[in-house]
Amino acid sequence: GSYFITFRLAGTLPAEVLQRFKTEREQLTAHALAAKRPLTWREQEEVFRWYCARVDAYLDEGRGDCFLRQPAVAELVSTALRFFLRQRYELPAWVVMPNHVHAVVHPLPGHTLSAIEHSWKSFTANKANTLLQRTGQTFWQSECFDHLIRDDDDHARCCQYVVNNPVSAQLCERPEGWRWSSTWREA
């Protein structure tokens, strides 16, 4: 299958903020249960998307360390994402934001999503910490967010989200204008 994934720098989404978002999500669900009307599958999906939108909006505000804003670090991550392209995975859409990365990835036979993510994160963490003259510090948050893409419409929606994220975050006017993405076109 194909996946929409997000991984972020350590410290960009504090535990208390994440817990607040989770509590808000749980309150929405509890409200429906209190009315003795459990959420339908579609409503559960809407609540999940609402939660994801809250997290993404928080990240897009550029909070925490934004090491990926530094061109050398963003280029390192961009290059790593493409390094095993068509050997271990297909990568129809990706973007390196100032404090997180989004990608739509399709692992090829014999390769797993977790191994691909681990390869990207361990390689780039070591190299980025060297570039930033940091030692013994965590670079990436340990967990990633991943969503199994269900169908062609979901695939198109996820790819659109990824390529438009720099525009939504007001980092550029058009997707092609963000250097660290699958849509960048040199002027």
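In this predicted model, helices H3 and H4 cross in a right-handed sense. Two packed helices are described by the angle between their axes and the distance between the axes. For H3 (residues 71-83) and H4 (residues 113-131), the angle is about 160° and the axes are 10 Å apart. Angles over 145 degrees count as roughly antiparallel, so H3 is roughly antiparallel to H4.

Which residues of H3 and H4 make the contact? From H3 come Ala-72, Val-73, Leu-76, Val-77, Ala-80 and Leu-81, while H4 supplies Trp-120, Phe-123, Thr-124, Lys-127, Ala-128 and Leu-131. Sorted by character, the residues of this contact are 10 nonpolar, 1 polar and 1 charged.

Let's move on to Asn-99, which sits in the loop between strand S2 (89-96) and strand S3 (100-107). Is Asn-99 buried or exposed? Its relative accessible area is 0%, and buried means under 20%, so Asn-99 is buried. Its side chain has polar partners there: a polar atom of the Asn-99 side chain lies 3.2 Å from the backbone oxygen of Leu-59, and the side chain of Asn-99 also makes a polar contact with the side chain of His-100, at 2.7 Å. Setting aside neighbours within four places in sequence, Asn-99 is in contact with Arg-8, Leu-9 and Thr-12, with Leu-59, Gly-62 and Arg-63, and with Asp-65, Cys-66 and Leu-68.

Next, have a look at Val-104, in strand S3. Val-104 is buried as well, because its relative accessible area is 0%. Not counting residues up to four places away in sequence, Val-104 touches Tyr-3 and Phe-4, then Glu-90, Leu-91, Pro-92 and Ala-93, and further along the chain Ile-149, His-155, Cys-158, Cys-159 and Val-162. As for Glu-176, which is 72 residues from Val-104 along the chain, the two C-alpha atoms are separated by 17 Å.

Finally, two glutamines are worth a stop for their backbone angles. Gln-133 is found in the loop between H4 and strand S4 (145-148), and has a positive phi of about 55° although it is not a glycine. Gln-170 lies in the segment after helix H5 (152-168), and its phi is near 60°, again a positive value in a residue other than glycine. Are these residues buried or exposed? The cut-off for exposed is over 50% relative accessible area. Gln-133 therefore counts as exposed, at 73% relative accessibility, and Gln-170 is exposed because its relative accessible area is 71%.

Terms used
Residues numbered from 1 in each chain as written. Predicted model: local features only at pLDDT ≥ 70, side-chain atom pairs only at ≥ 80, totals over all residues. Heavy atoms only, no water. Helix = DSSP H or I, 4+ residues; strand = E, 2+ residues; numbered from the N terminus. Buried < 20%, exposed > 50% of the residue type's maximum accessible area, 1.4 Å probe, protein only. Polar contact = N/O pair within 3.5 Å; in protein donor to acceptor, adjacent residues only side chain to side chain. Contact = heavy atoms within 4.5 Å. Axes fitted to C-alpha atoms, helices over the stretch in contact; angles between N-to-C directions. Parallel < 35°, antiparallel > 145°, perpendicular 65-115°, else oblique. Left-handed = near helix turned anticlockwise from the far one by under 90°. Nonpolar A, V, L, I, M, F, W, Y, C, P; charged D, E, K, R; others polar.
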